[in-house]
Amino acid sequence: QVQLVESGGGLVQAGGSLRLSCAASGNFFSINAMSWYRQAPGKSRDLVASITSAGSTNYADSVKGRFTISRDNAKNTVYLQMNSLKPEDTAVYYCKTVAVRIGIQYSYWGQGTQVAVSS
């Protein structure tokens, strides 16, 4: 199994910054793509940013230029630096990881961390 532990959420004023972390641990051969999703109340869970094992990144249009995803492969950890936060960024943020176990790729989700941005 693979466990994901997220941290770094909280309450911040508009224009502020937060940094989320998600560390993967457990029994796996390798970690492939790592991503951050978010889900606001009454809305679907949407992709915020993703990063491949080689470092290629992808962002939702709504966060481009404000959020930066990065990873430390040695620590199996993905980060999301969030700057210039807006009230509409308020959501539960979830980490998703694709891990390879016994030659098969599996997706795992973290428990979620709340981000609240006040105006």
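Start by selecting R66: in this predicted model the residue is buried, with a relative accessible area of 10%. That is under the 20% cut-off, so R66 counts as buried. You'll find R66 in the loop between strand 6 (57-59) and strand 7 (67-72).

What does R66 pair with? Add D89 to your selection: the two form a salt bridge, and the closest N and O atoms are 2.7 Å apart. This one ties together distant parts of the chain, since D89 sits in the loop between strand 8 and strand 9, 23 residues away from R66. D89 is buried too, with a relative accessible area of just 1%.

Keep D89 on screen and bring in R38. Their side chains meet in a salt bridge as well, at 2.9 Å from N to O. Here again distant parts of the chain are linked: R38 belongs to strand 4 (residues 30-39), while D89 lies between strand 8 (77-82) and strand 9 (91-101), and the two are 51 residues apart. Like D89, R38 is buried.

Now show R38, R66 and D89 together, and you're looking at a network of salt bridges.

How many salt bridges does the structure hold? Three, so there's one more stop. Select D61 and K64, which form a salt bridge with their closest N and O atoms 3.1 Å apart. Buried or exposed, what is D61? Switch on a surface: D61 counts as exposed because its relative accessibility is 65%, over the 50% cut-off. K64, at 49% relative accessibility, counts as partly exposed.

How values were computed: Residues are numbered from 1 along each chain as its sequence is written. This is a predicted model: local features need pLDDT of at least 70, side-chain atom pairs count only at pLDDT 80 or more; totals for chains, interfaces and linings use all residues. Side-chain values use heavy atoms; hydrogens and water are left out. A salt bridge is a side-chain nitrogen of Lys or Arg within 4 Å of a carboxyl oxygen of Asp or Glu. Helices (H or I, at least four residues) and strands (E, at least two) are DSSP runs, numbered from the N terminus. Buried means under 20% relative accessible area, exposed over 50%, partly exposed in between (1.4 Å probe, protein chains only).
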